Amino acid sequence: MPAAWTPTSANRVIQGDNLAVVSALPDGAFTAVYLDPPFNTGRSQSRQSTTSVRSVTGAITGFKGQQYDRIRGDLMSYDDRFEDYWSFLEPRLAEAWRLLSDDGTLYLHLDYREAHYAKVLLDALFGRECFLNEIIWAYDYGAKSKSRWPAKHDTILVYVRNPAKYHFDSAEVDREPYMAPGLVTPEKVAKGKLPTDVWWHTIVSPTGKEKTGYPTQKPEGILRRMIQASTREGDWVLDFFAGSGTTGAAAASLRRRFVLVDESPDAVAVIRKRLDKAGVAFE
Ligand SMILES: C[S@@+](CC[C@H](N)C(=O)[O-])C[C@H]1O[C@@H](n2cnc3c(N)ncnc32)[C@H](O)[C@@H]1O
């Protein structure tokens, strides 16, 4: 069992419920936090955890929004399913906020079922001035509905801890091909273009070398962009819904350090195998 984690520790992979694990990590230690939570979180685990971010007055502690409770109440009255989900997520987002450094950035990966509510609530929690982007990750794969527009995108909400101090370096980001290369100079075509807030990127190919077999694995290419823009070499990146460990793999390839947490023994086994294969050291 390794000693308690500090920023001088090695990269770490931890199995356990993330709320318990991350509450032991020190304030402000991470320059980026990426979270890709499952939508189908259960009622029983959600109810126990809600109180942990509330003060005796019932207000959320650690966050900025004063009207948060009212907004939360209004939104929850529309959608029971979202209430369960948010009750689970809220104390974990409070921890993410606490763990972010002053120049740090949260990337919260969601889909269309929750993104709109989550944005309203995060505006109230972090402060609207801390909203940086809504990234649309668009892909085109799998079955397509014929009765509505097939849903083929995820939403990644980006919030910074301090809008006056956050780190963002677009020059470090992998560039992509121009959609209409005939309209720009050959020099620009050769350099590629800076991605916008709409990211066309394939899902993990079922036959590609990146595939781990973990069902919800996200492509390393989208994690690379976040980490390149929002951290520097040597900075710490945290993912406490780590799944197959995509964040750790991307962080290590960019010479950033990482802490990964997942409650599933299967996930942790996949992460360990993946990092070992990539020659990445961790405890
Ligand atoms: C959508 S997956 C993450 C996939 C990941 N981004 C990847 O690229 O592989 C969500 C993960 O959260 C984990 N999880 C759910 N609830 C958790 C909790 N309370 N504590 C820790 N991990 C949790 C699940 O085991 C699952 O692996």
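**Helix packing and the ligand shell**

Q: Which residues of α7 meet which residues of α8?
A: In this predicted model, E220, L223, R224 and I227 of α7 meet T246, T247, A249, A250 and A251 of α8.

Q: What makes up the contact of α7 with α8 by class?
A: The contact of α7 with α8 has five nonpolar, two polar and two charged residues; the alanines A249, A250 and A251 belong to the α8 side of it, and Ala counts as nonpolar.

Q: Why is α7 called oblique to α8?
A: Helix α7 (residues 220-230) and helix α8 (residues 246-253) pack at an angle of about 55 degrees, with their axes 9 Å apart. Roughly parallel requires an angle under 35 degrees and roughly perpendicular one of 65 to 115, so an angle that falls in neither range, and is not over 145, counts as oblique; therefore α7 is oblique to α8. The crossing of these two helices, α7 and α8, is right-handed.

Q: Why is α3 called roughly antiparallel to α5?
A: Helix α3 (residues 68-76) and helix α5 (residues 115-126) pack with their axes 9 Å apart and at an angle of about 170 degrees. Because angles over 145 count as roughly antiparallel, α3 is described as roughly antiparallel to α5. Their contact is made by Y68, I71, R72 and L75 of α3 together with Y117, V120, L121, A124 and L125 of α5, and by class it divides into eight nonpolar, no polar and one charged.

Q: How do you know that the protein chain is as compact as a globular protein of that length?
A: The radius of gyration of the protein chain is 19 Å, close to the 19 Å that the globule rule gives for 283 residues, and so the chain is as compact as a globular protein of that length. Its secondary structure comes to nine helices and eight strands.

Q: Which residues come nearest to the ligand?
A: Of the 17 residues around the ligand, N18, F241, G243, S244 and T246 come nearest, and the shell divides into five nonpolar, seven polar and five charged residues.

How values were computed. Residues are numbered from 1 along each chain as its sequence is written. This is a predicted model: local features need pLDDT of at least 70, side-chain atom pairs count only at pLDDT 80 or more; totals for chains, interfaces and linings use all residues. A residue is near a molecule or strand if its C-beta atom, placed from the backbone, lies within 6 Å of it. Axes are lines fitted to C-alpha atoms, for helices over the stretch in contact, and angles run from 0 to 180 degrees between N-to-C directions. Helices (H or I, at least four residues) and strands (E, at least two) are DSSP runs, numbered from the N terminus. A crossing is left-handed if the near helix is turned anticlockwise from the far one by less than a right angle, and right-handed if clockwise. Two residues are in contact if their C-beta atoms, placed from the backbone, lie within 7 Å. The radius of gyration is taken over C-alpha atoms; the globule rule is 2.2 Å times the number of residues to the power 0.38.
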